[in-house]
Amino acid sequence: MDGTLAEDDLPGDPEATVTAAGGALLFVTVPDAKAGKNRVHLDLQPQDRDRDDEVERLLALGATLVADHRRTDGTGWVTLADIEGNEFCVERSAAERAG
């Protein structure tokens, strides 16, 4: 996979975004000890709707709300789980980040 590291991400940073055609992956260091088998945690960034609309769409498709980290200033994310309990987060869209 060809990808580009975000300009503001440097070696040793606690998080880094890699962008490629069709999407981006955000890698975040998690201080918690491993409690089970390895899993990949995905953060989704909507492309054609805002974060809140995407959360509502995913809930309607069967996801469950795990934690709501949205802030009154519009920043933050929402943690959801799929029907098997795999957690993932929904971030703000690029348009929302641009302000």
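How many helices and strands are there in the protein?

1. Overall make-up. This is a predicted model. The protein has 2 helices and 7 strands. Read from the N terminus, the elements follow the order β-β-β-β-α-β-β-β-α.

2. Dimensions and burial. Along the principal axes, the C-alpha atoms of the protein fill a box of roughly 40 × 35 × 30 Å. Of the 99 residues, 22% are buried. The exposed area of the protein is about 7200 Å², and 53% of that comes from carbon and sulfur atoms. Among contacts with a separation of 6 or more, 31% link residues 24 or more positions apart.

3. The N-terminal strands. Strand β1 (residues 4-5) runs antiparallel to strand β2 (residues 15-20), and 2 bridges join them. T4 has T19 in β2 as its bridge partner. Strand β2 is also antiparallel to strand β3 (residues 23-28), here with 6 bridges. In that pairing, A16 stands opposite F27 of β3.

4. The hairpin. β2 and β3 form a hairpin, with 2 residues between the strands. G22 sits in the turn and has a positive phi of about 90°.

5. The open sheet. Here 4 strands line up in the order β4-β7-β6-β5, with mixed pairing. β4 (42-44) and β5 (64-68) are the edge strands; each has a single partner, so one side of each lacks a neighbour in the sheet. On average, neighbouring strands of this sheet are turned by 30° against each other, direction ignored.

6. The β4 edge. β4 pairs with strand β7 (residues 87-90) in the parallel sense, over 3 bridges. Within this pair, D43 stands opposite C89 of β7.

7. The helix on the sheet. Helix α1 (residues 51-60) packs on the sheet. The helix touches β4, β5, β6 (78-81) and β7. The direction of α1 makes about 145° with that of β7.

8. The nonpolar patch. Which residues make the nonpolar surface patch of about 450 Å²? They are L25, F27, V40, L42 and L44. β3 and β4 each supply at least two residues of the patch. F27 thus appears twice in this note: in the patch, and opposite A16 in the hairpin pairing.

9. A closer look at L44. This residue lies in strand β4. Is L44 buried, partly exposed or exposed, and why? L44 counts as partly exposed because its relative accessibility is 33%, and that value falls between the 20% limit for buried and the 50% limit for exposed. The strand that holds L44 is also one of the edge strands of the open sheet.

Conventions
Residues numbered from 1 in each chain as written. Predicted model: local features only at pLDDT ≥ 70, side-chain atom pairs only at ≥ 80, totals over all residues. Heavy atoms only, no water. Pairing = 2+ DSSP bridges. Axes fitted to C-alpha atoms, helices over the stretch in contact; angles between N-to-C directions. Contact = heavy atoms within 4.5 Å. Patch = residues over 30% accessible without salt bridge, like charges linked within 9 Å, V, L, I, M, F, W, Y side chains within 5 Å. Areas by Shrake-Rupley, 256 points an atom, 1.4 Å probe, with all protein chains shown as cover. Salt bridge = Lys/Arg side-chain N within 4 Å of Asp/Glu carboxyl O. Buried < 20%, exposed > 50% of the residue type's maximum accessible area, 1.4 Å probe, protein only.
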